[in-house]
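Please consider the sequence and the three-dimensional structure shown below. The explanation after them is meant for a reader who is meeting this structure for the first time.

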Amino acid sequence: MSYAVKEMFLTLQGEGLQAGMRAVFLRFAGCNLWSGREEDRATAECTFCDTDFVGMDGDGGGRFADADRLADRVLSFWNEGAPEQGGEPLVVITGGEPMLQLDAPLVAALKARGLRIAIETNGTIPVIAGVDWICVSPKAGTKVVQRRGDELKMVWPQPGLDPAEIEQWDFRHWLVQPMDGPAAREAHDAAIRFVLDRPRWRLSLQTHKLLGLR
């Protein structure tokens, strides 16, 4: 299959347990919770997305004809600078919803080039074998089927999301991330209160926004 990529770039991971790590971000176009068109926002299952995942016009974006070509491009981004200084090559696959396009041939091609694969998903589509780090960010009103992984990242507050139910899932790390937007200050306060009340969780901030990174 071919792959529709919104953008691709070298940066530092800004969120979660791997925050601060050098990584290639591979953002696929498209999402199963929202078309990306403003006229569909009122009926979207996820109404607070802060990411442009429509089209293939971002830096490094485009249509890639096969898995090998896309994996070669990912590796070329990683090789910018001085990779001989060490560190395991990391690609963070995100979207939109990356499981609409991530498949076994691409996993194999990335692995063949020595890349460690992390995914950031809404959890409504099962993650395929071979992914090294699974981060699920559940959205209220959706059916999450990927209920195990490395990192559960809950954007908060979300009316309709039940933390007690989520705590029955099988994750190694539990993160609460304040919802960005006009009420960001209130969301920060709510997330802090949440962690103080439920100590299995820890606070996660979007450090890339604080630092001016993508």
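The paragraphs that follow take up one helix, two buried residues, a cavity, a pocket and two peptide bonds. The model is a predicted one.

A convenient place to begin is helix α2, which spans residues 104–112. Its buried residues are Leu-106, Val-107, Ala-109 and Leu-110. Viewed down the axis of α2, these buried residues fall within an arc of 165 degrees, so they line one face of the helix. The face turned away from the buried side carries Ala-104 and Ala-112, which are exposed. What do the buried residues of α2 pack against? Their partners are the strands β1 (3–12), β2 (22–28), β4 (90–94) and β5 (116–121), together with helix α1 (67–78).

The two ends of α2 deserve attention as well. At its start, Asp-103 places a side-chain oxygen within 3.1 Å of the backbone nitrogen of Leu-106, and Leu-106 is one of the buried residues of the helix. Just after α2, Gly-114 adopts a positive phi of about 80 degrees. As a general matter, most residues other than glycine have a negative phi.

Strand β1, one of the elements against which α2 packs, contains Thr-11. Is Thr-11 buried or exposed? Its relative accessible area is 9%, and because this lies under the 20% limit, Thr-11 counts as buried. Leaving aside residues up to four places away in sequence, Thr-11 touches Met-21, Arg-22, Ala-23, Phe-25, Leu-213 and Arg-214.

A second buried residue is Cys-135, with a relative accessible area of 2%. Cys-135 belongs to strand β6, residues 133–136. Between Cys-135 and Glu-120 there are 4.9 Å from C-alpha to C-alpha, although the two are 15 residues apart in sequence. Beyond residues up to four places away in sequence, the contacts of Cys-135 are with Ile-119, Glu-120, Thr-121, Glu-151 and Lys-153.

Cys-135 also leads to the interior space of the model. A search of the whole structure finds 1 cavity of 30 Å³ or more. The largest cavity has a volume of about 40 Å³, and its lining consists of Gln-13, Glu-15, Gln-18, Val-92, Ala-118, Ile-119, Glu-120, Trp-133, Cys-135 and Glu-151. The elements that give two or more residues to this lining are β5 and β6, and the largest share, 3 residues, comes from β5. By type, the lining of the largest cavity divides into 5 nonpolar, 2 polar and 3 charged residues.

Attention may now turn to a pocket. The second largest pocket has a volume of about 160 Å³. Which elements give two or more residues to its lining? They are β8 (170–178), α4 (184–197) and α5 (207–211). Among the lining residues are Gln-177, Pro-178, Ala-184, His-188, Lys-209 and Leu-210. The lining of this pocket comprises 4 nonpolar, 4 polar and 2 charged residues.

Two peptide bonds complete the account. In general, most peptide bonds are trans. The bond from Gly-95 to Gly-96, however, is cis, with omega near 15 degrees, and Gly-96 lies in the loop between β4 and α2. Trp-156 and Pro-157 are likewise joined by a cis peptide bond, with omega about 0 degrees. Pro-157 is located in the loop between β7 (148–156) and α3 (163–166).

Conventions: Residues are numbered from 1 along each chain as its sequence is written. This is a predicted model: local features need pLDDT of at least 70, side-chain atom pairs count only at pLDDT 80 or more; totals for chains, interfaces and linings use all residues. Side-chain values use heavy atoms; hydrogens and water are left out. Buried means under 20% relative accessible area, exposed over 50%, partly exposed in between (1.4 Å probe, protein chains only). Helices (H or I, at least four residues) and strands (E, at least two) are DSSP runs, numbered from the N terminus. The arc is that of the directions from the helix axis to the C-beta atoms. Contact means heavy atoms within 4.5 Å. A polar contact is a pair of N or O atoms within 3.5 Å; within protein, one must be able to donate a hydrogen and the other to accept it, and residues adjacent in sequence count only if both atoms are side-chain atoms. On a 1 Å grid over the protein atoms alone, a cavity is a set of points where a 1.4 Å probe fits but cannot get out, and a pocket is an open set with protein on both sides within 12 Å along at least five of seven lines; lining residues have an atom within 4 Å of a point. Grid points are joined across faces, edges and corners, and a volume is the space filled by probe spheres set on the points. Ala, Val, Leu, Ile, Met, Phe, Trp, Tyr, Cys and Pro count as nonpolar, Asp, Glu, Lys and Arg as charged, and the others, Gly among them, as polar.
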